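I opened this model to look up contacts, cysteines, strands and core. My entries follow in the order in which I made them.

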Amino acid sequence: MAKNVLGTDLQSCSTDPMTGFYRDGCCSTGGDDVGVHTVCAVVTDDFLEFSKAAGNDLSTPMPQFGFPGLRDGDQWCLCAPRWQEAFEAGKAPQVVLEATHVQTLEWCTLSDLEAHAVDRPRPEER
């Protein structure tokens, strides 16, 4: 079982819309995932605009690829390097720590992710 950034079992990120590099609802990764789609994020309009300006339009539907286009509030497996880029630009969306793959820590610090967590764990709960 894959682990999340908290060291526990990786939880599902979203099945509506269906996310994940493998389109299984989880932010799992493997050798064929060169983008490292491991951060379970709750996207915002602000982030979607940032991503589009950076060359990755996540809001426009592409039915030919089964992609509905994302809207504010959707949960989606983002590329760890893109989340870090958004963080450095002050545009990072919130993350679901339990559904964010441990490999994310190769790109992002746990403290930065925790600062953007949907439900921040209390230190005594870790």
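**Entry: Thr 19**

I began with Thr 19 and listed its contacts, where contact means heavy atoms within 4.5 Å. Not counting residues up to four places away in sequence, Thr 19 touches Cys 13, Ser 14, Asp 24, Gly 25, Cys 26, Gln 75, Trp 76 and Cys 77. Thr 19 lies in the segment before strand 1. Helices (H or I, at least four residues) and strands (E, at least two) are DSSP runs, numbered from the N terminus. I then looked up burial: buried means under 20% relative accessible area, exposed over 50%, and partly exposed in between (1.4 Å probe, protein chains only). Thr 19 has a relative accessible area of 0%, so I entered it as buried.

**Entry: basis of the values**

The model is predicted, so local features need pLDDT of at least 70 and side-chain atom pairs count only at pLDDT 80 or more, while totals for chains, interfaces and linings use all residues. Residues are numbered from 1 along each chain as its sequence is written, and side-chain values use heavy atoms, with hydrogens and water left out.

I checked pLDDT, the predictor's confidence in each residue, from 0 to 100. The mean for the chain is 92, and 94% of its residues reach 70 or more. Over residues 121-126 the pLDDT is below 50, and I noted six contacts in the model for this stretch beyond near neighbours in sequence.

**Entry: disulfides**

How many disulfides does the structure hold? I found two, taking a disulfide as a pair of cysteine sulfur atoms within 2.5 Å. With bonded cysteines counted along the chain, the pattern is 1-3, 2-4.

One of them is formed by Cys 13 and Cys 40, with sulfur atoms 2.1 Å apart. This link is right-handed, with 85° about the S-S bond. The pair links distant parts of the chain: Cys 13 is in the segment before strand 1 and Cys 40 in strand 1, 27 residues apart. Cys 13 counts as buried at 7% relative accessibility, and Cys 40 is buried at 0%.

Cys 27 and Cys 77 also form a disulfide, with their sulfur atoms 2.1 Å apart. Here the link is left-handed, with -95° about the S-S bond. Cys 27 is in the segment before strand 1 and Cys 77 is in strand 2, 50 residues apart, and the pair links distant parts of the chain. Cys 27 counts as buried at 0% relative accessibility, as does Cys 77 at 2%.

Why is Cys 79 not bonded to Cys 77? The sulfur of Cys 79 is 9.8 Å from that of Cys 77, its closest cysteine sulfur, which is too far for a bond. Cys 108 is in no disulfide either; the nearest cysteine sulfur, that of Cys 79, is 11 Å away. Cys 108 counts as buried, at 3% relative accessibility.

**Entry: the sheet**

I took strands as paired if DSSP finds at least two bridges between them. Strand 1 and strand 2 pair in the antiparallel sense over five bridges. Strand 1 and strand 3 (residues 94-95) also run antiparallel, joined by two bridges. I looked up Val 42 on both sides: its bridge partner in strand 2 is Gln 75, and in strand 3 it is Gln 94.

The result is an open sheet of three strands in the order 2-1-3, with antiparallel pairing. Strand 2 and strand 3 are the edge strands, each pairing on one side only. Helix 2 packs on the sheet and touches strand 1, strand 2 and strand 3; its direction makes about 95° with that of strand 2. For that angle, axes are lines fitted to C-alpha atoms, for helices over the stretch in contact, and angles run from 0 to 180 degrees between N-to-C directions. Five of the six residues of strand 1 are buried, so I entered this strand as largely enclosed by the rest of the structure.

**Entry: nonpolar cores**

A nonpolar core here is a set of buried Ala, Val, Leu, Ile, Met, Phe, Trp, Tyr and Cys residues joined through side-chain atoms within 4.5 Å. Which members of the largest core touch the most other members? Of its 22 residues, they are Phe 47, Leu 58, Leu 78 and Trp 83. Strand 1 (37-42), helix 1 (45-53), strand 2 (75-79) and helix 2 (80-88) are the elements that give two or more residues to this core. A second, separate core of seven residues includes Cys 40, Cys 77, Val 96 and Ala 99.

Last, I listed the contacts of Leu 78, leaving aside its neighbours within four places in sequence. Among them are Val 36, Val 39, Phe 47, Leu 58, Trp 83 and Pro 93.
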